[in-house]
There are 2 protein chains.
Amino acid sequence: MRDVAIIGASMTKFGKREEWIRELLAQAGKECLTDAGVSPGEVDHLYVSNMASGEFEGMTGVPNSLVHDLGMMPAYTQRVDQTSSSGGAGIYAAWQSIASGTSDMTLLVGGEKMTHRSTSETTDVISSITHPVEYKHGVTLPSFAGLTARLYLDTYDAPRESLAKVAVKNHANGVNNPHAQFQKEVSVETVLESPIVADPLRLYDFCPITDGSAALLFCPLDAAAEWTDTYASIAGIGGATDTHVVHERADPTTMRGVVESGQQAYEMSGYYPEDIDVAELHDMFTILEFLQCEGLGFFEPGQAWEGIEEGVTEMDGSLPVNTSGGLKSKGHPLGASGVAQGYEVYKQLIGDAGKRQVDADVGLACNVGGFGNCVITTIMEAHQ
Amino acid sequence: MRDVAIIGASMTKFGKREEWIRELLAQAGKECLTDAGVSPGEVDHLYVSNMASGEFEGMTGVPNSLVHDLGMMPAYTQRVDQTSSSGGAGIYAAWQSIASGTSDMTLLVGGEKMTHRSTSETTDVISSITHPVEYKHGVTLPSFAGLTARLYLDTYDAPRESLAKVAVKNHANGVNNPHAQFQKEVSVETVLESPIVADPLRLYDFCPITDGSAALLFCPLDAAAEWTDTYASIAGIGGATDTHVVHERADPTTMRGVVESGQQAYEMSGYYPEDIDVAELHDMFTILEFLQCEGLGFFEPGQAWEGIEEGVTEMDGSLPVNTSGGLKSKGHPLGASGVAQGYEVYKQLIGDAGKRQVDADVGLACNVGGFGNCVITTIMEAHQ
């Protein structure tokens with residue numbers, strides 16, 4: 001198994017974009033090659049993380065379109081779909097292409113174009129991520145989040161405000177991210193007074209609907225220094241599933257996919273929770289940040305809410321979480337989100353995170369598909 | 001890079017099926033595990049080759065559904081889409097998962113459910129495989145096939161009947177395949193008198209619209225003997241693209257994706273065209289069988305038509321092509337087709353192809369996405 005480096009990264013502005021999916025992917029892909037100083041002809045494999053270009057835009061075959069637009073023929077290409085964790089699945093696929101020795105240079109581009117569709121059309125597509133026995137009865141991802149948040153607050157006697165503070169923290173971080181959809185602070189009061197979506201969760205507990213694209217460039221670790229002086233390596237990576245039917249889980253506050261994928265990444269890397277300096281977690285709903293913090297071992301079960309009350313996961317805490325602003329303020333273009341998590345960790349590790357920069361040698365990204373139905377966790381290490 | 005074995009295979013009956021995509025995938029997946037005597041808990045990775053469950057059925061997240069239905073949690077899973085070559089791309093992904101050392105047991109299930117939609121709805125989805133600059137002017141995959149067939153016949157002074165003989169041969173082979181959509185012979189006259197679709201090609205020059213699923217099970221080569229006495233290995237594999245805009249190609253009768261992916265597979269395997277004993281080619285249109293025969297080096301450019309006239313690619317010829325009946329008579333459920341090609345080559349190599357059995361130690365499968373926009377070629381070797 002070859003060790004794998006990341007030598008370049010890019011992302012478009014996230015938000016409501018006028019461009020279509022092909023253009024968004026091409027923008028991020030081109031900028032990523034420029035970032036690394038690599039020409040299109042050097043790329044052997046191109047992976048495209050995208051959940052639903054066919055459903056949202058009537059457009060299939062986007063990888064073949066992108067390979068053409070970037071002038072990369074005869075590079076191999078393929079679309080990676082793992083619902084809202086398509087980006088993390090793309091990192092896993094790109095990593096395997098280098099680790100196996102198949103490709104010596106792999107570009108990963110993730111993207112989604114969603115805002116041109118109505119909320120009800122978008123919800124139809126996203127709802128079918130969940131199992132038919134559940135969504136045909138009207139259960140959606142937000143309602144799972146509401147039920148789980150209620151269970152968590154009750155079980156651990158946690159204050160409702162602790163969830164609001166996740167949104168407040170991530171919005172504050174997003175102010176310093178020029179790519180974020182919302183560069184705007186919010187207060188605990190704003191969150192708690194926003195409209196109820198799925199009790200006890202309110203509008204500001206949820207990420208928005210977003211267009212955008214992000215890209216990462218991978219090569220064998222022993223070749224990275226030919227391209228750049230500062231880069232990161234993938235120290236560990238893992239992917240795991242939980243029951244697709246959420247009501248079959250013994251305890252919905254424990255996300256088995258998070259736990260198992262985290263363990264795989266820790267074991268491969270030799271790094272453990274106490275070694276992680278910065279983390280990007282999948283805060284599609286505020287409650288998910290707590291569940292990942294606990295599933296990944298940053299806090300004991302039921303204690304993540306105390307962590308945010310104590311400021312542990314703030315920018316100046318001992319483990320900054322979602323320095324990018326997270327999905328909450330950065331936005332969540334489904335196929336791009338996991339790649340954009342990788343972008344943030346990579347930028348933190350190479351010391352290029354601007355006003356968001358923290359002191360970090362080892363970083364982690366956790367990308368959650370569905371309601372924890374499939375999760376990919378990646379640990380990266382700085383090389384300078 | 002670890003060597004990779006295939007130790008099990010299955011496929012459902014192809015044709016018009018009443019089951020939905022989830023059920024078709026589960027059928028093939030379950031049968032494949034049974035075929036190999038492997039329990040669901042042994043599987044580390046599950047790849048699902050599927051192009052458009054969202055567009056055809058409003059169903060996303062099928063890998064998470066399948067991992068659940070097969071009882072495989074916490075196995076990792078992901079959907080692989082490479083349009084009509086999604087199955088071949090799935091073989092490439094599954095192979096990388098074992099070759100890289102990430103997974104010790106990988107199940108690949110490919111499937112598509114299409115026949116419940118109208119021909120015009122299906123055509124809308126498939127047409128968007130091609131580049132917008134072409135399909136917005138009304139050019140579709142069948143019209144590319146017609147134009148290329150005309151060019152081929154004119155350039156090489158080949159008789160129209162030679163194309164019809166591809167359909168006749170593959171239908172004759174399909175008679176002996178209980179999984180084929182059509183188990184019915186056709187004559188040259190039937191083909192030549194069928195309705196024109198894209199001149200000079202007629203209805204019987206095209207594969208049908210099909211539902212179905214197929215599966216393959218992969219493990220490290222050095223572990224294969226623990227499971228079975230007869231198995232195959234992946235001796236070589238490659239994937240490559242051509243221009244997404246077909247009219248930019250210097251010579252549409254040369255498919256660069258076929259040539260490049262074939263060269264990669266030949267070089268990795270150390271086998272060359274003369275070593276191939278049996279081949280499954282992507283005969284979505286009859287002309288494609290000629291172009292692949294030539295691109296893969298079985299015949300010189302412009303000579304494949306003579307090969308079929310001389311019977312070289314018949315069951316009793318020196319290189320039987322599409323013993324399964326090919327896409328032409330077996331059917332073409334997009335995500336399943338490449339996996340079903342692998343099924344046929346595997347069955348031939350382990351001597352389990354029933355009435356279709358030929359003498360074969362080395363086999364090749366070539367799966368074509370779009371109009372050669374991306375192609376995956378796999379070479380397998382028998383171990384007994």
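# Helix contacts, salt bridges and backbone angles

User: What do Ala93(A), Gln96(A) and Ser97(A) in α4(A) meet?

Analyst: They meet Ala93(B), Gln96(B) and Ser97(B) in α4(B). By class, that gives 2 nonpolar residues, 4 polar and no charged. Contact here means heavy atoms within 4.5 Å. This is a predicted model, in which local features need pLDDT of at least 70 and side-chain atom pairs pLDDT 80 or more, while totals for chains, interfaces and linings use all residues; side-chain values use heavy atoms, without hydrogens or water. Residues are numbered from 1 along each chain as its sequence is written, with chains lettered from A and ligands numbered from 1 in the order written.

User: What makes Gln96(A) and Ser97(A) polar, and Ala93(A) nonpolar?

Analyst: The class list decides. Ala, Val, Leu, Ile, Met, Phe, Trp, Tyr, Cys and Pro count as nonpolar, Asp, Glu, Lys and Arg as charged, and the others, Gly among them, as polar. Gln and Ser fall among the others, so they are polar.

User: How are α4(A) and α4(B) oriented, and how do you know?

Analyst: Both helices span residues 86-99 of their chains, and they pack at about 65° with axes 9 Å apart. That makes α4(A) roughly perpendicular to α4(B). The bands are: under 35 degrees roughly parallel, over 145 roughly antiparallel, 65 to 115 roughly perpendicular, the rest oblique. Axes are lines fitted to C-alpha atoms over the stretch in contact, with angles from 0 to 180 degrees between N-to-C directions. A helix is a DSSP run of H or I of at least four residues, a strand a run of E of at least two, numbered from the N terminus.

User: Which handedness does the crossing of α4(A) and α4(B) have?

Analyst: Left-handed. The term applies if the near helix is turned anticlockwise from the far one by less than a right angle; clockwise is right-handed.

User: Why are α1(A) and α3(A) called oblique?

Analyst: Helix α1 (residues 21-36) and helix α3 (residues 62-69) of chain A pack at about 50°, with axes 10 Å apart. That angle belongs to none of the three named bands, so the pair is oblique. The crossing is right-handed. Ile21(A), Arg22(A), Leu25(A) and Ala26(A) meet Val62(A), Ser65(A), Leu66(A) and Asp69(A). Those residues are 5 nonpolar, 1 polar and 2 charged.

User: What makes α7(B) and α11(B) oblique?

Analyst: Again, the angle. α7(B) and α11(B), residues 286-295, pack at about 60° with axes 10 Å apart. They are therefore oblique. α7(B) passes α11(B) in a left-handed crossing. Ala145(B), Thr148(B), Ala149(B) and Tyr152(B) meet Ile287(B), Phe290(B), Leu291(B) and Glu294(B). The contact has 6 nonpolar, 1 polar and 1 charged residues.

User: Why is the pair Arg79(A) and Asp81(B) called a salt bridge?

Analyst: The rule asks for a side-chain nitrogen of Lys or Arg within 4 Å of a carboxyl oxygen of Asp or Glu. The closest N and O atoms of Arg79(A) and Asp81(B) are 2.6 Å apart, so the pair qualifies. Arg79(A) lies in strand β3 (residues 76-81) of chain A and Asp81(B) in β3 of chain B, so the pair joins two chains. Asp81(A) forms a salt bridge with Arg79(B), also at 2.6 Å. The interface has 2 salt bridges; the structure holds 32 over all chains.

User: How much area is buried between chain A and chain B?

Analyst: About 4,400 Å², with 50% from carbon and sulfur atoms. Thr60(A), Asn64(A) and Tyr76(A) supply 14% of what chain A buries, more than any other three residues. Buried area is the accessible area (1.4 Å probe) that two parts lose on being put together, summed over both. In all, 57 residues of chain A contact 57 of chain B.

User: Where are the cis peptide bonds leading to Pro74(B) and Pro200(B)?

Analyst: Most peptide bonds are trans. The bond from Met73(B) to Pro74(B) is cis, with omega near 10°. Pro74(B) sits in the loop between α3 and β3 of chain B. The bond from Asp199(B) to Pro200(B) is cis too, with omega near 10°. Pro200(B) is in the loop between β5 (196-198) and β6 (201-202).
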